[in-house]
Amino acid sequence: MGHADSAILSISIILFSGFLMTRVTKKLRLPNVTAYIVAGILIGPFCLNLIPMRIVSDTDFLPDIALSFIAFSTGEFFRFDTLRKNGAKVIVITLFEALLASLLVFVVSFCVLKLNLAFSIVLAALASATAPASTMMTIRQTGAKGDFVETLLQVVALDDIVGLLAYSVAISVAIVYGKGEAFSVSRIVQPIFSNAVVLLLGFGFGFALKFLLAPSRSSDNRLIISIAFLFAFCAICTVFGVSPLLGCMSMGTAYINFTDDEKLFKQLAYFSPPILLLFFVRSGLSFDLRALVSASGSVGKIPLLAIGVIYFFVRILGKYFGAFLGCLVAGKGENTRNYLGLALIPQAGVAIGLAALGSRALGGETGNALQTIILASSVLYELIGPACAKLSLYLSKSYSTKLEDLVSVKETEENGAQKSELELLIERIQKIQEELPFHTVNEEEAAYTEAAENHAQAVFEERIAKISEGRQRANPIRKSQKRRRR
């Protein structure tokens, strides 16, 4: 097959295999990310070998694109009015839970396991990142509300900023160490300065997006322009060797605060699944099963499987106790303090994306080992993460499964007589049925469908206007022709 034929067929196989695997994971109540990674492993070089490796190498831009969509959607949760209320407390909690997780992973990796310094630094930086998708999905499913949920969403969003900054510094130090160059302060300051510039540039892009996405703009063009902006910004960051995550997050933050337009985020969320599927399945294709059960000489003498398991448990300890201490210092309530750490366990999208970038930057066995460990641990985190997040929401009393907590009904008759338990149960069920919509559609699908319907309506109205205009022009001609005949 030619290169184009092979690429088109490979994309089809990737999309279809990812979909088929979700049919399996759905029955097991596992997230889609797990399905995509497993699908990539199955069709990859170590199992069925359906995808040529040149396709994998030619699609190394996918991590940047996927991170752009993830980061832009995360920016929706950085509303300035919300951050003013408890921003300082959230920052304190985030710094504690993110940095303690990174510190514990580094100490165990470098001091206990005696792993390579460059590898230990980057692995520790990646430990700070959390997966917002799993947490947000669990919150939507349970309908949880309250201070715990607000704190959790802001911490998860800020978590990725800390993770990106930590990764930027870590990868710079690791590259310098790997090349044997002399250490200097400028090597540390330079990535921080670069990310600050990207942050400001992203804010400017978000401000410009506000004017281009005017209310008069059709829905399909709004989607086209926003995707073009994300791709353009991603390209700029790639040219200068900077991760697009922080800038795209800043773009989303600027746009939501200047416009309060939530519909665009919902449209993008409904558009992005195929792109994210391609990215996660590709990550599974890059997963090196042989390296997992053997030691990598460039990293250390311990098998990567053992390193991955240790990393898995150490990061959980760091996240939980870091969140506990952060809430204690910030003066948060007992429910938030005791259970916030459980909701910060999931790790997938951002960490996998940064691991792919880190693998590309480090190269060789060190890069492959980094990506292998993060992918393997991410599968484990996605297996238990959503369950832990749901448990934390329940224990913190952010949602309830009891009917009496879901709806309130009058417990006495008009004459003052107490209603029976059966009567109360029937009334609560009837009230829930009244509040349920006739046809339940998720917000992203509704926004995307509405955009499509608005576009179709606009095209229809435009055609009717043209027909009417044509008739108006034809009427004088017909009248003059009739006069001539007379």
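Begin by selecting Phe203, Phe207, Phe211 and Phe258, which ring pairs link into a cluster. The model on display is predicted. Across the structure there are 14 aromatic pairs.

One of these pairs is the next stop: select Phe205 and Phe229, whose rings meet edge-to-face. Their centres are 5.4 Å apart, and 70 degrees separate the planes. The pair links distant parts of the chain, with the two positions 24 residues apart. Phe205 belongs to helix H9 (residues 185–212), whereas Phe229 sits in helix H10 (residues 219–239). Both Phe205 and Phe229 are buried.

Keep H10 in view and add helix H4 (residues 62–74). The axes of H4 and H10 come within 10 Å and cross at roughly 120 degrees, so H4 is oblique to H10. The crossing of these two helices, H4 and H10, is right-handed.

To display the contact itself, select Asp64, Ile65, Ser68, Phe69 and Phe72 on the H4 side. Their counterparts in H10 are Ile227, Leu230, Phe231, Cys234 and Thr238. By class, the residues of this contact between H4 and H10 comprise seven nonpolar, two polar and one charged.

Finally, move to Gln371, in helix H18 (residues 364–395). Is this residue, Gln371, buried or exposed? Gln371 has a relative accessible area of 9% and therefore counts as buried, the cut-off being under 20%. Select Ser286, Ala355, Ala356 and Ser359 to see what Gln371 is in contact with, leaving aside its neighbours within four places in sequence.

Definitions and conventions:
Residues numbered from 1 in each chain as written. Predicted model: local features only at pLDDT ≥ 70, side-chain atom pairs only at ≥ 80, totals over all residues. Heavy atoms only, no water. Phe/Tyr/Trp six-rings, centres within 6.5 Å; stacked < 30°, edge-to-face > 60°. Helix = DSSP H or I, 4+ residues; strand = E, 2+ residues; numbered from the N terminus. Buried < 20%, exposed > 50% of the residue type's maximum accessible area, 1.4 Å probe, protein only. Contact = heavy atoms within 4.5 Å. Axes fitted to C-alpha atoms, helices over the stretch in contact; angles between N-to-C directions. Parallel < 35°, antiparallel > 145°, perpendicular 65-115°, else oblique. Left-handed = near helix turned anticlockwise from the far one by under 90°. Nonpolar A, V, L, I, M, F, W, Y, C, P; charged D, E, K, R; others polar.
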